[in-house]
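Visitor: I'd like a close look at one part of this protein instead of the usual grand tour. Could you pick a stretch of paired strands, walk me through it residue by residue, and then show me how the rest of the chain looks around it?

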Amino acid sequence: MQRMSAAAARRTALAAQGFGRKRPAVVTRRTLADVLGRTQLLQIDSVSAVVRAHYAPVFSRIGAYDRALLDEASWSHSARRPRRLVEYWAHEAALLPVRDWPLMRWRMVKYRDGRWQSAKRVLEHSPTLGKDILDVLRDVGPSTAGEVERHLELDKPRPKDHWGWNLSDTKIICEQLFATGELSVDKRVGFTRYYDLAERVLPPEALAREVDDDEAYRELILRAATALGIATEPDLRDYYRMHRSQTVPAIADLVAAGELEPVTVTGWDQPAYLRTGARTPRAIEGAALLCPFDPLIFYRPRTERIFDFHYRIEIYTPEPKRVHGYYVFPFLLDGELVGRVDLRAERATGRLLVPGAFAEPGRCTPETAAALRDSLREMADWLELDEIVVGAKGDLAPLL
């Protein structure tokens, strides 16, 4: 069995995700496709403290780009430029290639009786609501849950809970139908989903393709391995939020087929699998700010194992108990996570706020601060923010 050093495994993982490559002078649709070919998916999240989560990983890998390119790939469709990405529950809510939608049918079947307890309750007391929603969308086309409610004359005032997540029955069942694959997302406006029948969102070939469950598990693990480069079974399992009963046989089949190679990584306490053909460059150069939902770091145990970097998102932690801040970006420099910054885009005043900046042990240096300053300036320019305001929290703040 091949042995790898922890440093070589780290470089392999970074290269697989598209880091260490020369940034393109001009970003085109092909450039975007290359990024998505490496990450395989982009997680979606509602927090917009800096920029929506699905835009940030592309910026981290290629620098400033026109976000309209990603919008077009995700939510636009024409005969000349067909939709390339579609929303579904992959690693949480995510954008994934249209061709991969059929690989999630096993999950759609699993959700038929209700993905959430709330959906099960609504299905019990309003068994025809799903059909009514489908009928409305069939007649009027892409609509928000609120618009569907108005067509059904169900819209009623309702109190909001603490987080504003007190969903109407119509929204719950729209989400349920989305989970089962009967609905998809035609577009987003202001981040609000416009639902439509899946048959009108997806191309006929995606709808028609039937994939055996075991084949789907193997394909998803192969995509996860491509994105990760080198990974343990839990790493591979987490990428598409699968179950061990699905991943273990799939990994064994892929090893037998020569697509994965078992390896031992120094310091890792579990066996690892190397994607056949994955590159291990001699060095990874460059800097990048990583949003909390970046595929490189969204599985926190892997982040800690590979980078010796303990990271937790603190959005739901009461402010007095936060260690680093509300929305913290780890800072990647020459293949290592050397610090983290709490960031906020204050669009009304054109400022990128940096309430806190923290270095990892031994990395609070002028060199780290200079590289971070340049990355912050690059991000501010991309977001069309004129000024960067650095707060007082953290050992890197004075150097910035």
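Guide: Start with proline 330: its bridge partner in β12 is arginine 340. That pair belongs to a ladder of six bridges joining strand β11, residues 328-333, to β12, and the two strands run antiparallel. Keep in mind that this is a predicted model, so every number here is computed from predicted coordinates.

Follow β11 to its end and you come to the turn. The hairpin of β11 and β12 has two residues between the strands, and aspartate 334 takes a positive phi near 50° there. Aspartate 334 is not a glycine, which is what makes that positive phi worth a second look. As for cover, aspartate 334 counts as partly exposed because its relative accessibility is 45%, and partly exposed is the band between 20% and 50%.

Now move along β12 itself. This strand covers residues 336-346 and is mostly covered, with eight of its eleven residues buried. On the other side of the story, β12 also pairs with strand β13, residues 351-359: seven bridges join them, again in the antiparallel sense. One place to look is arginine 344, which stands opposite leucine 353 in β13. β12 and β13 form a hairpin too, with four residues between them. Here the residue with the positive phi is glycine 350 in the turn, at about 70°. As you look along these strands, remember that in a regular strand the side chains alternate between the two faces of the sheet.

While you're on positive phi values, phenylalanine 191 is another residue to click on: its phi is about 75°, although it is not a glycine. You'll find phenylalanine 191 in the loop between β5 (183-189) and β6 (192-197).

Back to the start of β11, where there's a nice ring pair. A pair of aromatic rings is described by the distance of the centres and the angle of the planes. The rings of tyrosine 327 and phenylalanine 329 have centres 5.7 Å apart and planes at 70°, so this pair is edge-to-face. Tyrosine 327 is buried, with a relative accessible area of 0%, and phenylalanine 329 is buried with a value of 0% as well.

The model has eight aromatic pairs by the rule used here. One of them joins tyrosine 239 and phenylalanine 298: the centres are 5.4 Å apart and the planes sit at 55°, so that pair is tilted. It links distant parts of the chain, with tyrosine 239 in helix α13 (residues 233-239) and phenylalanine 298 in the loop between β10 (287-289) and α15 (300-307), 59 residues apart. Tyrosine 239 is buried at 1% relative accessible area, and phenylalanine 298 also counts as buried, at 9%. Ring pairs also link Phe59, Tyr65 and Trp382 into a cluster.

For contrast with the hairpins, look at the open sheet of four strands, ordered β1-β8-β9-β7, with mixed pairing. Its edge strands are β1 (2-4) and β7 (230-231), each pairing on one side only. β7 meets strand β9, residues 272-275, in the antiparallel sense over two bridges, and alanine 231 stands opposite tyrosine 273 in β9. Helix α12, residues 213-228, packs on this sheet and touches β7, β8 and β9, its direction making about 85° with that of β9. Helix α1, residues 6-16, lies across β1, β7, β8 (260-265) and β9, running at about 90° to β1.

Zoom out and the protein has 16 helices and 14 strands. Its radius of gyration is 22 Å, close to the 21 Å that the globule rule gives for 400 residues, so the protein is as compact as a globular protein of that length. The C-alpha atoms fill a box of roughly 65 × 55 × 45 Å along the principal axes. Of the 400 residues, 52% count as buried. Among contacts with a separation of 6 or more, 65% come from residues 24 or more positions apart.

Definitions and conventions
Residues are numbered from 1 along each chain as its sequence is written. This is a predicted model: local features need pLDDT of at least 70, side-chain atom pairs count only at pLDDT 80 or more; totals for chains, interfaces and linings use all residues. Side-chain values use heavy atoms; hydrogens and water are left out. Two strands pair if DSSP finds at least two bridges between them. Contact means heavy atoms within 4.5 Å. Axes are lines fitted to C-alpha atoms, for helices over the stretch in contact, and angles run from 0 to 180 degrees between N-to-C directions. The radius of gyration is taken over C-alpha atoms; the globule rule is 2.2 Å times the number of residues to the power 0.38. Buried means under 20% relative accessible area, exposed over 50%, partly exposed in between (1.4 Å probe, protein chains only). Rings of Phe, Tyr and Trp (its six-membered ring) pair if their centres lie within 6.5 Å; planes under 30 degrees apart count as stacked, over 60 as edge-to-face and the rest as tilted.
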